[in-house]
Amino acid sequence: MKKLIIALSLTSALAAAHAGAATVTIDCGAGTAYDLCKAGVNRWAKKTGNTVKFFESPNSSNDHLGIIQQQLAARSSDIDVYLLDIIWPGLLSGQLVDLKGKVPESELNQHFKGILDANVVNGKLVAIPWYTDAGLLYYRTDLLKKYGFSGAPKTWAELALMAKKIQDGEQKTNKTFVGFVFQGKNYEGLTCDALEWIVSFGGGTIVDTTGKVTVNNPRAAEALDTAASWVRSISPAGIATYSEEEARGDFQAGNAAFMRNWPYAYALGQDQASKVKGKIGVAALPAGPSGKPAAALGGWNLGVNGYSKNQAMAIDLIRYLTGPQEQKIRAIEGAYNPTIQSLYKDQAVLKANPFFGSLYNVFTSAVARPSGPTKGKYNQVSQAFSTAVSSVLNGQSNGQAAVARLSTDLARIKGRGW
Ligand code: GLC
């Protein structure tokens with residue numbers, strides 16, 4: 001049913017897109033990201049005199065991927081430029097245009113090498129980086145002060161204690177107040193959060209860079225048990241339905257002390273309409289007992305549909321959007337982290353987002369999900385992983401049993417190789 005609704009709304013959106021003549025259609029994401037994307041694309045249209053149409057994708061990365069896969073399977077030329085999650089190149093590379101030689105080296109070299117490399121599959125450059133993401137800890141500076149804490153928690157254990165104390169105090173006057181919100185729903189966002197927990201406990205990255213399944217280990221199990229202990233103590237019972245936007249909703253309404261989210265939440269939290277404007281602190285996520293914090297590497301890239309009939313125009317649009325001028329505007333207006341290294345020294349960018357400077361090493365050392373080693377099977381791996389994590393969060397399993405079962409599932413998915 002859900003698929004059908006998505007397919008129908010896609011058809012009507014594309015019917016509208018086809019009304020013009022030679023036009024470039026771009027997938028602009030969802031929500032506030034969509035609006036910022038649209039503004040940038042319109043600047044290009046004005047500069048070049050080209051016509052543009054927009055496709056608004058579903059918010060969830062999983063549903064977004066589903067639509068692109070449907071389109072590509074049908075060899076559709078409807079959308080020329082796709083917005084691509086950093087974990088997708090291995091899944092989609094076969095049907096995207098090779099941008100090598102089509103975008104000047106001097107432009108490519110401006111980006112962080114690791115992010116550019118993540119878009120290369122078997123020597124083919126399938127997308128150009130647009131913005132990067134890393135998991136961050138948001139906190140209420142006013143409430144930390146009110147309850148006598150001098151700074152952000154350094155460990156998960158500290159976070160739990162602080163969140164509980166603040167929650168108990170605030171609930172006296174605000175029943176909906178909670179200590180900590182994160183992405184607890186069974187989807188790609190949970191894969192990111194749980195990877196952070198496990199890496200910070202020293203439990204590895206599910207599958208290592210050589211393709212070996214490593215998740216069945218006591219530290220990974222302990223990390224999951226720790227996260228399960230937050231549910232109904234410092235996190236709401238409904239956390240199993242939370243994606244990024246539900247978490248941001250609570251935090252921005254002034255109903256949470258701590259939040260795990262991506263950088264975009266900062267710009268929205270500092271908006272005039274936000275209840276927590278001027279009260280937001282941003283820090284690295286807490287460390288596990290091993291003493292090491294970890295941030296998942298996220299981010300979005302722009303690629304050209306191999307079936308597009310407007311490839312040259314589409315490439316021109318991508319070059320414009322991923323260039324320094326647009327990345328700077330998006331960093332200032334939306335807290336989207338540039339993939340162009342030099343923008344981290346730009347005073348206007350740093351003024352809008354002071355944490356881009358103070359947490360620079362969080363962004364440069366973010367941990368990749370195992371999409372590289374698991375290639376075309378990454379989506380299955382991620383779904384098996386988030387399902388296992390979910391079973392621990394909702395009390396159907398414990399950490400040890402879940403990672404053992406997951407390891408068997410992953411071996412089956414791997415078969416004779418990724
Ligand atoms: C963010 C990240 C993306 C990730 C998604 C999960 O959009 O940039 O890489 O897959 O969140 O919800």
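Around the ligand in this predicted model stand 13 residues, counted as near when one of their heavy atoms lies within 4 Å of it. The closest are Asp 85, Asp 133, Glu 244, Gly 299 and Arg 369. By class, this shell holds five charged, four polar and four nonpolar residues; Asp, Glu, Lys and Arg count as charged, Ala, Val, Leu, Ile, Met, Phe, Trp, Tyr, Cys and Pro as nonpolar, and the others, Gly among them, as polar.

Oxygen atoms of the ligand take part in polar contacts, here pairs of N or O atoms within 3.5 Å. For Glu 244, a polar side-chain atom lies 2.6 Å from a ligand oxygen. The side chain of Arg 369 brings an N or O atom to 2.8 Å, and a polar backbone atom of Gly 299 is 2.9 Å away.

Two elements give two or more residues to the shell, helix 9 (188–200) and strand 11 (297–304), both being DSSP runs (helices H or I, at least four residues; strands E, at least two) numbered from the N terminus. Strand 11 provides the largest share, three residues. Domain 1 (2–134 + 298–363) and domain 2 (136–294 + 370–415) both contribute to the shell, so the ligand lies between them; the bounds come from an automatic or database assignment.

Residues are numbered from 1 along each chain as its sequence is written. Local features need pLDDT of at least 70, side-chain atom pairs count only at pLDDT 80 or more, totals for chains, interfaces and linings use all residues, and side-chain values use heavy atoms, leaving out hydrogens and water.

Notes
Polar contact = N/O pair within 3.5 Å; in protein donor to acceptor, adjacent residues only side chain to side chain.
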